[in-house]
Every structure is written in structure tokens, then in C-alpha cells.
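Subject: Structure handover

Hello,

Here is the structure I promised to pass on. Please open it and keep it beside this email as you read.

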Amino acid sequence: MGRERLEQAYAAWETRDWTTAAELLEVQAAEFPEHPACPAWLFDAALAHKFRRDWARAYTMGVRAAAVVARGEQQPAFWNLGIAATVLGDWAAARDAWRGFGIDLAPGDGEIVEDFGLTCVRLDEADGSEVVWARRICPTRARVVSIPTGSERRFGEIVLHDGAPNGRRVAGGQSYPVFDEILLWRTSDLPSWTVTVTAPEAADIDALVELFEARELCAEPATDHEVLCACCSEGTVTQERVFAAGTQLVWLAGPAGALGGLLDLWRLAGPGRGWAELRAAH
């Protein structure tokens, strides 16, 4: 049954030679289509193409892998097919794949934009990785709703992420998965800034955050940003937002022309409030 070929395929898998693994598994599945292990070979071939970011091949093999497993039973073949179809912009195929996995989508055509709740995404940046908060708009994409500190990334961008959690964040007594980024789906035109603010009361910082959120922008005290080692980042981390009074650095995300007016609006709404040194973050 092509035992030597299988050994070569999975030896290549162990060394992350995804091209060789995928090619050998495709040949194996084509030669023994009735073998009980054929669904696993098809799935692994599609997965290898996903790892090598060959989305056209991942889609083709994903269709074959999904065709030989049951619908509605959370079979991972449908999940990987949904990712590949999303990358290719084939929304009809993506919708069918998610429903095949067992996800109840709202009726509709075209791009999937729903509210799948808050999550965390580990962004892949040139100088390392960073976990940010995001709101899922489909099973595999999320809009970033916190401010990345990395120079390349922005609040409001949309990220395509994997489906297996790699860590968790606990906030407000609720646990949220951390998904690894696969690719940047859509960029954001909202640059990042820093400003020094004076807040007599912790409630003043809360008011600043709410003011920006009401305009679909973002304000975050620098104390919200925590540096973790890779081991801790991939574990379970409790993150409780506790605002403090005093003079402090705050990160902002928004268009340059709007920031001064918003900061003045906040300053004038409470006694003792002040701001200074508004600067581009990068």
C-alpha cells in the first residue's frame, strides 16, 4: 500500500518539508482511493499546502478531503477548507465549508461579516509576536480592537487566524482563546499615537477610553501593555483592566486631524484634566 512512500511523506512532514509531504500524500491518495486511511491522507495533503501557503492547492485538496467526511460533525477538513476558500475570496465555498463544519451562519451572500465575539490574536511581527484583542467577524478572521505596539501593525486591521488556540487570556472572569495569525487580511488607515495625560481620578481615564470607543477609535493606557516571554504568552494569562489616576502615557489610534479636538473635548469635560506631547508612535 505504498508503505515506503508514506514513510517518506511523514519523514518530510517531521522536517517541515511541506512540499514533499503534500506531493507524496496526493500520490498515495490517488493510488489507494478506497483505503480506510485515504481521508487522513487527503486531509494531511491539504494541511501541508496550507502550511506552505499554497492556497489554491490547499483549496483543491480541501474540497477532496471534505467530500469524504461527514457534514455537521466539526470535521477539521471543513475548517481548513473554509480558511482556504476565505483566502481565495470564494465566499460561497467558505459559507458551505463553515456550515459543513457545523457553524450556523446568518443567511447571505458575499463576504462574511458577523459578530463571533471577542478573542485574542497573536500577530506575527518583524521584531517578534504580540497578542492583541480582536473581534471575530467570521470563523477565521478578526478585526483588531486594541492598539498593537509593533511598528508595522494598526488598530482596525483585519487578520486571518488559525483555528487551534495557542494560549488563553482571562478578563472579567471569562476565558478567551489566543489564535495565531496566518496573514494580514486587510490593512488599517488609522495610525498609532502616544500622548501624556493628567487624570485626577481613575474615572477620567475611563472617560477618555469611552470617548474614543464611541467614535470607533481607541485609547489605551500604556499600563495595559505587558511584555511576556513566549512560554508565558502561550499559556493562560489574566488581564484585568484597572485604570489609575495621575500623569501617564496613553496610546491612541485615530486620524491625525481628529485627535486634538477629542483630547480637548475630554480635557474640558472634567476639572484638572490635561494632555501634552501628542506624538506619532512610530
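Which element gives the most to the lining of the second largest pocket? Strand 6 does, with four residues. Keep in mind throughout that this is a predicted model.

**The pocket**

The second largest pocket holds about 280 Å³ of space. Its lining is made up of Arg-16, Trp-18, Lys-50, Phe-51, Arg-53, Asp-124, Asp-162, Asp-180, Glu-181, Ile-182 and Leu-183. Helix 3 and strand 6 are the elements that give two or more residues to this lining. Sort the lining by class and you get seven charged residues, four nonpolar ones and no polar ones.

**The whole protein**

Now step back. The protein has 282 residues, and buried residues make up 44% of them. It contains nine helices and 11 strands. Along the principal axes, the C-alpha atoms fill a box of roughly 80 × 40 × 35 Å.

**The cavity**

Rolling a probe the size of a water molecule over the atoms shows where empty space is left. A search of the whole structure finds one cavity of 30 Å³ or more. About 30 Å³ of space lies in this largest cavity. Which residues line the largest cavity? They are Ala-46, Lys-50, Trp-55, Ala-58, Gly-62, Asn-80, Leu-81 and Ala-84. Three elements give two or more residues to that lining: helix 3 (38–51), helix 4 (55–67) and helix 5 (76–88). By class, the lining of the largest cavity has five nonpolar residues, two polar and one charged. Look for Lys-50 in both lists: it lines the largest cavity and also the second largest pocket.

**Aromatic pairs**

The count of aromatic pairs comes to eight. Two of them deserve a look.

Start with Trp-79 and Phe-101. Their rings sit 5.0 Å apart, centre to centre, with 70° between the planes, and the pair is edge-to-face. Trp-79 is in helix 5 and Phe-101 is in helix 6 (residues 91–101), so the pair links parts of the chain 22 residues apart. Are these two residues buried or exposed? Trp-79 counts as buried because its relative accessibility is 15%, under the 20% cut-off. Phe-101 is at 13%, so it counts as buried too.

Next come Trp-91 and Trp-185. Their ring centres are 5.9 Å apart and their planes are at 75°, so this pair is edge-to-face. Trp-91 lies in helix 6 and Trp-185 in strand 6 (residues 174–186), so the pair ties together parts that are 94 residues apart in sequence. Trp-91 is buried, with a relative accessible area of 14%. Trp-185 has a further partner: Arg-141 lies over its face, 5.2 Å from the ring centre.

There is also a cluster. Ring pairs link Tyr-10, Trp-13, Trp-18 and Phe-51. Trp-18 and Phe-51 also appear among the residues lining the second largest pocket.

**The nonpolar core**

In soluble globular proteins, nonpolar side chains tend to be buried together. The largest nonpolar core here has 24 residues. Which of them touch the most other members? Val-197, Leu-208, Phe-212, Val-250 and Leu-252 do. The elements that give two or more residues to this core are strand 7 (192–199), helix 7 (202–213), strand 8 (218–221), strand 10 (246–253) and helix 9 (256–268). Helix 7 supplies the largest share, five residues.

**A buried residue in strand 4**

Ile-158 is found in strand 4 (residues 158–161). With a relative accessibility of 3%, Ile-158 counts as buried. Ala-134 is 24 residues from Ile-158 in sequence, and their C-alpha atoms are 8.7 Å apart in space.

**Two loop residues**

Most residues other than glycine have a negative phi. Two residues to check here are Gln-74 and Glu-216. Gln-74 has a positive phi, near 55°, and is not a glycine. You will find Gln-74 in the loop between helix 4 and helix 5. Gln-74 counts as exposed because its relative accessibility is 56%, over the 50% cut-off. Glu-216 has a positive phi of about 60°, and is not a glycine either. Glu-216 lies in the loop between helix 7 and strand 8. At 67% relative accessibility, Glu-216 counts as exposed.

Best wishes

Definitions and conventions
Residues are numbered from 1 along each chain as its sequence is written. Side-chain values use heavy atoms; hydrogens and water are left out. On a 1 Å grid over the protein atoms alone, a cavity is a set of points where a 1.4 Å probe fits but cannot get out, and a pocket is an open set with protein on both sides within 12 Å along at least five of seven lines; lining residues have an atom within 4 Å of a point. Grid points are joined across faces, edges and corners, and a volume is the space filled by probe spheres set on the points. Ala, Val, Leu, Ile, Met, Phe, Trp, Tyr, Cys and Pro count as nonpolar, Asp, Glu, Lys and Arg as charged, and the others, Gly among them, as polar. Rings of Phe, Tyr and Trp (its six-membered ring) pair if their centres lie within 6.5 Å; planes under 30 degrees apart count as stacked, over 60 as edge-to-face and the rest as tilted. Buried means under 20% relative accessible area, exposed over 50%, partly exposed in between (1.4 Å probe, protein chains only). A charge sits over a ring if NZ of Lys or CZ of Arg is within 6 Å of the ring centre and within 35 degrees of the ring normal. A nonpolar core is a set of buried Ala, Val, Leu, Ile, Met, Phe, Trp, Tyr and Cys residues joined through side-chain atoms within 4.5 Å.
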